[in-house]
There are 2 protein chains.
Amino acid sequence: MAKEKMVESITSMDEDFAKWYTDICKKAELVEYTSVKGCMVIRPYGYAIWENIQHILDGLFKETGHENVCMPMFIPESLLQKEKDHVEGFAPEVAWVTHGGAEKLEERLCVRPTSETLFCEHYANIVHSYRDLPKLYNQWVSVVRWEKTTRPFLRSREFLWQEGHTIHATAEQAVEETEKMLNIYAEFCEKYLCMPVIKGRKTESDKFAGAVSTYAIEALMHDGKALQAGTSHYFGDGFAKAFEILYTDKENKKVYPHQTSWGVSTRLIGGIIMTHGDNNGLVLPPAVAPIQAVIVPIQQFKEGVLDKANEVAAELKAAGIRVKVDDSDNSPGWKFAEYEMKGVPVRIEIGPKDIEKNECVIVKRNNREKSFVSLDGIADSVKASLESVASDLYNSALENRERRTYSCTSIDEINKALEQGDGFIKAMWCGKEECEDKVKELTGAGSRCIPFDQENISDKCVCCGEPAVKMVYWGKAY
Amino acid sequence: MAKEKMVESITSMDEDFAKWYTDICKKAELVEYTSVKGCMVIRPYGYAIWENIQHILDGLFKETGHENVCMPMFIPESLLQKEKDHVEGFAPEVAWVTHGGAEKLEERLCVRPTSETLFCEHYANIVHSYRDLPKLYNQWVSVVRWEKTTRPFLRSREFLWQEGHTIHATAEQAVEETEKMLNIYAEFCEKYLCMPVIKGRKTESDKFAGAVSTYAIEALMHDGKALQAGTSHYFGDGFAKAFEILYTDKENKKVYPHQTSWGVSTRLIGGIIMTHGDNNGLVLPPAVAPIQAVIVPIQQFKEGVLDKANEVAAELKAAGIRVKVDDSDNSPGWKFAEYEMKGVPVRIEIGPKDIEKNECVIVKRNNREKSFVSLDGIADSVKASLESVASDLYNSALENRERRTYSCTSIDEINKALEQGDGFIKAMWCGKEECEDKVKELTGAGSRCIPFDQENISDKCVCCGEPAVKMVYWGKAY
């Protein structure tokens, strides 16, 4: 009872999912609001998660031959306008810089909403021969899109991301890159964020502004809504033509190269919260948790308890585990609640009785499963617990997705399925935008992607009954 | 002769130092210009240097208890105006966002030129009790200052930096932090960038806008001009008062906390170029070189040569050395010139004759000193060469500074000293701004800093002859 009282109350997920989400963002100290509308402070605990995400992804990018660069944050209006579809897509939502100091600028600059135009200008400068290709570039920056409604991590006017931009001699190589990066994103989400994803292609109406095709990974959240967790675009030579990027090939002919871009953002942190969190707070996948194991000393005033806790911490640290001893004067109950709120994957309790038996208690965050383990080989035990938390998280997210995925062959079936709660609808599609729009209008579920793993649910479009060409995942989305 | 021809020509340092500098920036592929006036692309090779700088500094910050956060890039005009001196200092040089999409904003936002105001707003939200103190925050971001004249790395409208912002219960703790961070910067510059620096305090007229006192590290470049390489500011409680940041102390009284901020930027890369570069190009300190050792195979078409080169590379890599084998079909002479231009600290040549003798040639970038070393224990030999390059670089930079530092007791002596070339002038000062301005007017040398290590050159001010209070370093500056 005493312990219950000390738990900082957050709204229950079932009562109000949106409120539960923002409660976690605030009470786990991930973000804080500011007077800059639609923007947020990412606090140390939230930023440390992002640093871990960056560190792992950056390694995966570099292993596959990518290099980091840094482009300016501004784009002159004339440069943004060079690719017709691109400017149409982005101009309505950019922030415009009109003055430098007291002077009005001759040409407005927008704060980059994405950097294709800047990369293209740069490629036009440095790509001349087939020997200059490919260029496999990436940058870690923030971008700005003037959104009307904002939510921490999911949609904010400024957000942190990485944007890869590559340029290749042939279409085949560019398509291969687009797919490779989608696979890296999927692998990252599943292996490190314990978040199962569907890989697929976006429909024509849902493509990135200026792309030939857009691939995406889609994850299903606790509440049955879909989250687009990453995208990878194939541009063909459209941007190259608009920006006059030409190279001399081996036959000494001038030809257009082919391009891609791909990105994931701090939105992934929103995905982590809504995939793994529970009514006690955040639950973090061990690979990106700032603290992987917290040691809570029990009766810490007794001789030898803190010494032992610190000794264990040193052993875990040496084994590469991110560990913290909380020796503050708060009660153990308060500490339990605090680190549950913060989603620390594993808690270790050590008290005088445990020390006597040369053991400690390990508690897994996700299910509060307790085990008593020997202090001999404690690092291996903690590692095993972390792996166990990770596989539990992945499995229950997958179970949630499977439970909430419905195969439907009619609009009625879709609506009936969605009465049980939001989720993924698998249904066939004729390929017409008209039907895509109508499904959304009649059910609320938009097309999420045309999955690479196709199934044949029926031969007919779920909407018009005409011959189907593809199975599509449909759902309500963040 | 043949080799000389293949060296990409850069302007000689003695002929035109400014041109030599920009030639290196371009030809070592550090930066490329863009259509965004005053902004640049930092290319992979340049960005990799910055990543190494970041990695080392971030480690030093975290070891001393600092945490990373991320603030918005925008500051509402009313927030910027809260601290009087601060807004006066920065408002004339900020970029203003006035429109979001098609709509005019109700209040203009500036793109952060620095983030004191945002941190203060955040601290007012999260600091309430002495238990909340200190907060030791830092962020790695880019900032914008609308400069009229720009040069790559040294002065650009957007630049990358880190800005530390800390808040403490007492003035003593804040002063201690200000000094601690200056010492970390100095240690970093000397140990990792091989760049000797003078630590000191800025005069009143040269303080950061809103600071009680500003400390700086000053380095002397090849051409005798000074570069301010990092600053650390003590704010007292001025910002706290302006932003109404109050905390309850142990006696349950409401009091104002004390603050600091400190920063270094991509300007350090400019400092590296101008401290160590020569007429063959860049010379990089080993600690931040993207490639520490390049292996150039000789007669690489002969059997076994490339295999041996790759074998050596694997051994160096395993020992933690950043190594590259250049097995392209360019000639060895071209490769020598290319990696000299790029400032790779150590070159390793391996050909059939070397392999026969189980040895290779190591050439140090800074002085082209050659040594023949056994392939047994090659990693240790390369490490020793890297250390030797590092200490050579530090020593010759120090020698340059000492040779160009003059103790003067009159304006005439200063002018005579500067006739031999720019450099540091050590001279006494009465403390009056009038004299500070006059020295600059009459000699071109402004006050750089009041060094912590004081010397007593004379009892009188170099300008007015009245009693001196401090020795000051004077010089022309970037």
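**Exercise 1. Find the exposed residues of α15(B) in this predicted model, and work out how they sit relative to the buried ones.**

Step 1. Pick out the exposed residues: B:E433, B:E434 and B:E441.

Step 2. List the buried residues of α15 (residues 433-443) of chain B. These are B:C435, B:E436, B:V439 and B:T443. They span an arc of only 105° around the axis, so they lie on the same side of α15(B).

Step 3. Recall the helix geometry. An α-helix has 3.6 residues a turn, so residues three or four places apart point the same way.

Step 4. Combine the two sets. The exposed B:E433, B:E434 and B:E441 are on the other side of α15(B).

**Exercise 2. Name the elements that the buried residues of α15(B) pack against, then say what follows the helix.**

Step 1. The packing partners in chain B are α14 (411-419), β21 (424-429), β22 (446-451) and β23 (470-475).

Step 2. After α15(B) comes B:G444, with a positive phi near 85°.

**Exercise 3. Locate the cis peptide bond before A:P134 and the one before B:P134.**

Step 1. In chain A, the bond from A:L133 to A:P134 is cis, with omega near -10°. A:P134 lies in the loop between α6 (116-126) and β7 (135-144) of chain A.

Step 2. In chain B, B:L133 and B:P134 are joined by a cis bond, omega about -10°. B:P134 sits in the loop between α6 (116-126) and β7 (135-144) of chain B.

**Exercise 4. Decide whether A:F153 is buried or exposed, and describe its backbone.**

Step 1. Count neighbours: 27 other C-beta atoms lie within 10 Å of A:F153. The cut-off for buried is 20 or more, so A:F153 is buried.

Step 2. Check phi. A:F153 is not a glycine, yet its phi is positive, about 70°.

Methods. Residues are numbered from 1 along each chain as its sequence is written. Chains are lettered from A and ligands numbered from 1 in the order in which they are written. This is a predicted model: local features need pLDDT of at least 70, side-chain atom pairs count only at pLDDT 80 or more; totals for chains, interfaces and linings use all residues. A residue is buried if 20 or more other C-beta atoms lie within 10 Å of its own, exposed if 12 or fewer, and partly exposed in between; C-beta atoms are placed from the backbone. Helices (H or I, at least four residues) and strands (E, at least two) are DSSP runs, numbered from the N terminus. The arc is that of the directions from the helix axis to the C-beta atoms. Two residues are in contact if their C-beta atoms, placed from the backbone, lie within 7 Å.
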